[in-house]
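Open your viewer and get ready to click through a short tour. Each stop tells you what to select and what you will find there.

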Amino acid sequence: YDCVIIDTDPGVDDMFAILSALGSKRLRVKALTTIGGNVELEQVTRNALGILAMAGRPDVPVYAGAAGPLSVPLRTASEVHGDDGLHGLALPAPLAQPGRWSAAELICRTARKCPPRSLRLACLGPLTNVALALRLDPGIVDLLGPVVVMGGGFGTYTVQGQGGALVSQGNVTQWAEFNIWADAEAAQEVVNSGLELVFIPLDTSHRTLVTEDRLVRIAGLETWGGGLAETLRAYGAWTRSRCGTAGGPLHDPNVLAYLESPELYETVQATVAVEAGAGPERGRTTLGTGSRHRVALNVDTGGFFDLVQQNLEMALV
Ligand code: BDR
Ligand code: CA
């Protein structure tokens, strides 16, 4: 088993990532930590607890993290995920309360308790909690195994939509992907901290689109299939209308799929730089020479969806 803490802002694709991790035979989810991002902290924390209830897993603790970025106000992505973050999906009532530590404290305490480099962080939202954890205990740089982050876009692959519309390097601005853009100052601190990072950027996650045939497969899942497919359809509408793609990109589950089956991904070693500040290139990520980080630039799409589907089946029995 690999022990994983999932730092998340659920979020439709976050929900699929969490369920997929819960159903995995190879990952053990130690905790969920939440971060204000797709919608406000209180709502994403409620969603995290509801998702665990859906899977009958109140044993997995939830810790609330930062309400917003280090130094700028929070700008949510409710136009993509709905006002409640899950397009109105009726989640069961929470079976537990959030734990007493903050997300950053929990990350540091767990890193100190686990055998060195055995704890994996799966980062599915803005990197604020990770930056705060590194400020609290810089020593965790040497204690964490490679940290896998959904973030960034490098422009090596863009979705060609209907009518030739092109998704740019970013999904918030021409240059920036949401998680990095939302707290670019935190992302910059984290990439420069010495931590070993693996990036799953848009270049990869735009290859995992929920097409109609994949929706049908998800709709066939026991009990929750209908609701999950409906939520995914609403989530996909934003990218479909903006870019004419065949469906919504299942960004975050790639982080868990990478942790579970890294052989599904083609990666390059590089040093990633993040543009911070208020300029037009805020949140832009670039590949530099150097080898501190790893960046996934391609994925076996069929293998990814088979793994996700299999894990969902296990999580929702
Ligand atoms: C990322 O932004 C969020 O809206 C998604 O949940 C994902 O983590 C994609 O840019
Ligand atoms: Ca997310």
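The tour goes from the whole chain to one strand, then to a ligand and a loop.

**Stop 1: the whole chain**

Show everything as a cartoon. You are looking at a predicted model. The chain holds 12 helices and 10 strands. Its C-alpha atoms fill a box of roughly 45 × 45 × 35 Å along the principal axes.

Is this chain a compact globule or a stretched one? For 317 residues, a compact globule would have a radius of gyration near 20 Å, and the chain has 18 Å, so the two agree. Buried residues make up 54% of the 317. Now think about contacts between residues at least 6 apart in sequence. Of these, 80% join residues at least 24 apart.

**Stop 2: strand β4**

Select residues 119–123, which form strand β4. How many of its residues are buried? The count is 5 of 5. Show the side chains next. L119, L121 and C123 point one way. R120 and A122 point the other way. Both sets are buried.

**Stop 3: the neighbours of β4**

Keep β4 on screen and add strand β1, residues 2–8. The two strands run parallel, joined by 5 bridges. To find one of the pairings, click C3: its bridge partner in β4 is L119.

Next, add strand β5, residues 147–150. β5 also pairs with β4 in the parallel sense, over 2 bridges. Click A122, and you will find it opposite V148 of β5.

Now bring in helix α5, residues 128–136. Together, β4, α5 and β5 make a β-α-β unit, and this unit is right-handed.

**Stop 4: ligand 1**

Select ligand 1 and display the residues around it. There are 15 of them. Which come nearest? They are G11, D13, A77, F178 and H251. Sort the shell by type and you get 5 nonpolar, 6 polar and 4 charged residues.

Colour two helices here: α1 (12–23) and α6 (178–182). Each supplies at least two residues of the shell.

**Stop 5: D300**

Finish at D300, in the loop between β10 (285–299) and α12 (301–315). Is D300 buried or exposed? It has 17 other C-beta atoms within 10 Å; a buried residue needs 20 or more and an exposed one has 12 or fewer, so D300 is partly exposed.

As a last step, draw a distance from D300 to L124, using their C-alpha atoms. These residues are 176 apart along the chain, and the separation is 20 Å.

Conventions
Residues are numbered from 1 along each chain as its sequence is written. Chains are lettered from A and ligands numbered from 1 in the order in which they are written. This is a predicted model: local features need pLDDT of at least 70, side-chain atom pairs count only at pLDDT 80 or more; totals for chains, interfaces and linings use all residues. A residue is near a molecule or strand if its C-beta atom, placed from the backbone, lies within 6 Å of it. Helices (H or I, at least four residues) and strands (E, at least two) are DSSP runs, numbered from the N terminus. Ala, Val, Leu, Ile, Met, Phe, Trp, Tyr, Cys and Pro count as nonpolar, Asp, Glu, Lys and Arg as charged, and the others, Gly among them, as polar. Two strands pair if DSSP finds at least two bridges between them. A crossover is right-handed if, with the strands pointing away from the viewer, the path from the first strand over the helix to the second runs clockwise. The radius of gyration is taken over C-alpha atoms; the globule rule is 2.2 Å times the number of residues to the power 0.38. Two residues are in contact if their C-beta atoms, placed from the backbone, lie within 7 Å.
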